[in-house]
Amino acid sequence: MSFETLRPSPALKDFLPIEYKDLVEHGPYGKNKKVSDMGKFKEIIEEHPMCAGCAMTLFIRLMYIGMPNPEHTIVVGTAGCGRLALSQASVPFVYGNYGDTNAVASGMKRGLDIRFPNQFKDVVVCAGDGGLVDIGFQGLMHSWFRHEKFVTVLLDNEVYGNTGGQESGMTNKGKVLKMSPRGKKDEKMDMLGLAKVAKLDYIARLAPTNPARVARTIRRSILIAREFGATYVQAYTSCNIEYSIPTPDVMKDAFEIEKDRYGFEEIISDRAKEFLKDLEAKAKAERKAKK
Ligand SMILES: Cc1ncc(C[n+]2csc(CCOP(=O)(O)OP(=O)(O)O)c2C)c(N)n1
Ligand code: SF4
């Protein structure tokens, strides 16, 4: 998909649904949008069947706003709550089998680079802790150690939300869940540590407490993946159902967990820092010139 394919034929324009015209004229394709303008432009994701107040949906909305070229992006997901929203977005979504996401994304990204040598095509894997850290662990690790050129976004709600509350490798030690009534025996897995061992050029951990930061993190992870290979974003996206967080307290929980054990961390390699410095300075100058 490209911006070209989204342009309606002028002769048909009057007959197209308003949502479609709105997306083409006011959506983020071909023009970056700012989080601070949310509500004033058509978002890539308009509706979803996830639980009311779920922090994962807020994160996913912000992820799409952060994409530098959504019109040239493919999202790969799998079973789990996130795909319920991801599959509703106006960015192509590929459903990998549970556990297969990073193998699917590796092949797809390599194929896209051959098919479109003159156009960046971004691939973003976005899935839960069950899908990536437990069942998809092997594929995830190999894509990292091979430095495949795509982003992995871990929607870390610290539980299997979609199937009613089993513990995952990312659940904290001792946590009692509906389907782990004795409490988890082992520690939460250190995925940031593993990402460091794999020497990824960009690694970030964050909670969705600062919307602009979420968008910037996603943007950076994609731009760096294009250039240098695998990048990793780990986001705390609480499950208010399985953790019994009252909907009005979802953001309060995010702030508390962030302060307690999920502080913002961003690890950028020296070569990626250099690359970003030039790119972000250029973007800033362009924005200034437009004003
Ligand atoms: C191969 C395979 N095994 C198991 C399942 C069943 N299943 C669907 S969603 C899910 C758990 C999802 O948990 P997670 O990946 O953490 O995402 P969340 O729903 O918490 O966002 C499981 C086990 C499946 N669809 N396919
Ligand atoms: S079950 Fe949990 S993670 Fe899934 S949509 Fe509901 S609140 Fe969100």
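## Enclosed strands, cores and ligand shells in a predicted model

Strand β6 is largely enclosed by the rest of the structure, because 6 of its 6 residues are buried; a residue counts as buried if 20 or more other C-beta atoms, placed from the backbone, lie within 10 Å of its own, as exposed if 12 or fewer do, and as partly exposed in between. This is a predicted model, in which local features need pLDDT of at least 70 and side-chain atom pairs count only at pLDDT 80 or more, while totals for chains, interfaces and linings use all residues. Residues are numbered from 1 along each chain as its sequence is written, and chains are lettered from A and ligands numbered from 1 in the order in which they are written. Helices (H or I, at least four residues) and strands (E, at least two) are DSSP runs numbered from the N terminus.

In a regular strand the side chains alternate between the two faces of the sheet. In β6, Thr231, Val233 and Ala235 point one way and Tyr232, Gln234 and Tyr236 the other, and all of them are buried. Strand β4 (residues 151–156) is likewise largely enclosed by the rest of the structure, since 6 of its 6 residues are buried: Val151, Val153 and Leu155 lie on one side, and Thr152, Leu154 and Asp156 on the other.

The table lists parallel pairings of these strands, where two strands pair if DSSP finds at least two bridges between them.

| Strands | Sense | Bridges |
|---|---|---|
| β3 (residues 122–128) and β4 | parallel | 5 bridges |
| β4 and β6 (residues 231–236) | parallel | 6 bridges |
| β5 (residues 202–206) and β6 | parallel | 5 bridges |

At the level of single residues, Gly128 has Leu155 of β4 as its bridge partner, and Leu155 in turn stands opposite Ala235 in β6. Val233 of β6 is the bridge partner of Val153, and Ala204 also stands opposite Val233.

The largest nonpolar core (a set of buried Ala, Val, Leu, Ile, Met, Phe, Trp, Tyr and Cys residues joined through C-beta atoms within 7 Å) has 59 residues, and those with the most contacts inside it are Phe59, Met63, Val124, Val125, Cys126 and Val153. Helix α2 (residues 55–66) supplies the largest share of this core, with 8 residues. A second, separate core of 5 residues includes Tyr160, Leu177, Cys239 and Ile241.

Ahead of β6, in the loop that follows α8 (211–228), lies Ala230, which counts as buried because it has 29 C-beta neighbours inside 10 Å. Leaving out residues up to four places away in sequence, Ala230 touches Ser143, Trp144, His147, Glu148, Phe150, Thr152, Leu200 and Ala225, contact meaning that the C-beta atoms, placed from the backbone, lie within 7 Å.

In helix α6 (residues 137–145), the residues Gly139, Leu140, Ser143 and Trp144 are buried. They lie on the same side of α6, because they cover an arc of only 130 degrees around the axis, taken from the directions from the helix axis to the C-beta atoms. Just after α6, His147 takes a positive phi of about 55 degrees.

Ligand 1 is surrounded by 18 residues, of which the closest are Gly80, Gly128, Gly130, Gly161 and Asn162; a residue is near a molecule if its C-beta atom, placed from the backbone, lies within 6 Å of it. This shell around ligand 1 divides into 6 nonpolar, 11 polar and 1 charged, where Ala, Val, Leu, Ile, Met, Phe, Trp, Tyr, Cys and Pro count as nonpolar, Asp, Glu, Lys and Arg as charged, and the others, Gly among them, as polar. The residues around ligand 2 include Cys51, Cys54, Cys81, Gly161, Asn162 and Cys239, and its shell divides into 7 nonpolar, 4 polar and 1 charged.

Note on methods. Two residues are in contact if their C-beta atoms, placed from the backbone, lie within 7 Å.
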